[in-house]
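Student: Got a minute to go through this one with me? I'd like to start with the ligand.

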Amino acid sequence: MAQLWGGRFTKETDQLVYNFNASITFDQKFYKQDIEGSIAHVTMLGKQGILTNEEAQDIIKTLKEIQSEVENGTLEISSEYEDIHSFVEATLIDRLGDTGKKLHTGRSRNDQVALDMRLYTRQEVMATDALLEELLNVLLRIMEENTETIMPGFTHLQKAQPITLAHHMGAYFEMFKRDRQRLRDIFERMNYCPLGSGALAGTTYPLDRDYTAELMGFYGPTLNSMDGVSDRDYLIEFLSALSTIMMHLSRFSEEVIIWNSNEYQFVEIDDAYSTGSSIMPQKKNPDIAELVRGKTGRVYGALVSLLTTMKGIPLAYNKDMQEDKELSFDAMDTAKGCIALFTGMLDTMKFNQEVMRNSSKNGFTNATDAADYLVNHGVPFRDAHGIVGQIVLYCIDKNMAIDDMSLEELKAISPVFEEDIYDAISMETCVNKRLTIGAPGKEAMEKVIALEKEYLAKN
Ligand code: ARG
């Protein structure tokens, strides 16, 4: 046991209590941020004359040494210390004696941990954004290559109308683009520095909070010291954004799993991204997609856990808040891993264009267009809907597609049909006549692809 406090205690902490209270096993994850924060703090203390320049320089030099020794493995973060803050400070004091004892002037672990967590989360927000950008690039490539790859679009998992693979991928492009916008919003709101809030009521030292904030790339200091030490909104927002990302990945995974099934065979997952069965030699399983779908619950769990932890905490800092770390770290790592793996899987996946196209031909995906044909020839839509319903029944009975019916057969049901019906209900026509913005028609799709490209070039 090694702790920074103890002056007012007459007994040793019970070992179980110590273990229960300690956080070093998990908060060592942000040792870099802890040192970065201390360097900024000491730089400011020196500038303000609270420490001498020499003292500040000595502390900074030693903090940097500690960081590089931890990085190259010569200094081990020992779990003998209560938390990462204690480890860094105690190591500094070991090396610098009295000068080291001045590091914590005008600071509390409350504002220190608030800062560390924010710095760490800020870095994770950016890392997640970079991974999503890669995913969008892969999606855009698939879109560009498949504006003519016709496939069935589904509602209720029933074939509905023909679309293209570009159009289907475009839907996910929009989702992940919004996810990136959410991350950007979070960054904008969270990028304020809590350091200098002290334990809860600021400090009597003449700290320059604007300066420390600037040193660490924040837009400025937080404006209320009680809120500064006890705000975890940014983390809840990030976990919420990660949950939404996972929800999108999970839906996408579900589709990949269906598309990869023996019945569909729309896609083939690359060998490098699938796994076999220990008993059934023929198996090639979509484990990555299944795991991404499965891990979604874990990320939701972190969000609900933190919301629940925070709901009963009076101002300002309470130890409950230490619970903000483990599940959040797990959620951040999980989401990043899932995005990266999914991107790799998607990038190497083969789309069976012929199978997709053939699949769109059966299932009456052109029934709406047959009805529209009648409407264009003066039949009221409700009547046209009824006529095509009859045609579909006839085709089901004869096990054929609408396109396979002869003109005589069609005319027997409605005399309005002429030879041009075949062209009007071909898959190409069905897709390429849909030209409203956001629709699958090739020209409409190409306009959207150009806009998405522009977006990616700027973001
Ligand atoms: N390990 C603590 C946490 O994560 C650091 C802050 C400790 N502050 C205190 N007053 N005990 O929240």
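Tutor: Sure. One term up front: domain bounds here come from an automatic or database domain assignment. This is a predicted model, where local features need pLDDT of at least 70, side-chain atom pairs count only at pLDDT 80 or more, and totals for chains, interfaces and linings use all residues. Residues are numbered from 1 along each chain as its sequence is written.

Student: Why does the ligand shell lie between domain 1 and domain 2?

Tutor: Because domain 1 (15-105) and domain 2 (110-148 + 163-356) both give residues to the shell around the ligand.

Student: Which residues are around the ligand?

Tutor: S23, D27, D83, R109, N110, V113, Y317, K319, M321 and Q322. A residue is near a molecule if its C-beta atom, placed from the backbone, lies within 6 Å of it.

Student: And which helix gives the largest share of that shell?

Tutor: Helix α6 (residues 109-145), with 3 residues. Helices here are DSSP runs (H or I, at least four residues), numbered from the N terminus.

Student: Switching topic: how far apart are the centres of domain 2 and domain 3?

Tutor: 41 Å, taken over C-alpha atoms. Still, 13 residues of domain 2 are in contact with 11 of domain 3 (C-beta atoms, placed from the backbone, within 7 Å).

Student: Which element supplies the largest share on the domain 2 side?

Tutor: That's α7, with 4 residues.

Student: What does α11 pack against?

Tutor: The buried residues of α11 pack against α10 (233-259) and α12 (326-348). Buried means 20 or more other C-beta atoms, placed from the backbone, within 10 Å of a residue's own.

Terms used:
Helix = DSSP H or I, 4+ residues; strand = E, 2+ residues; numbered from the N terminus. Contact = placed C-beta atoms within 7 Å.
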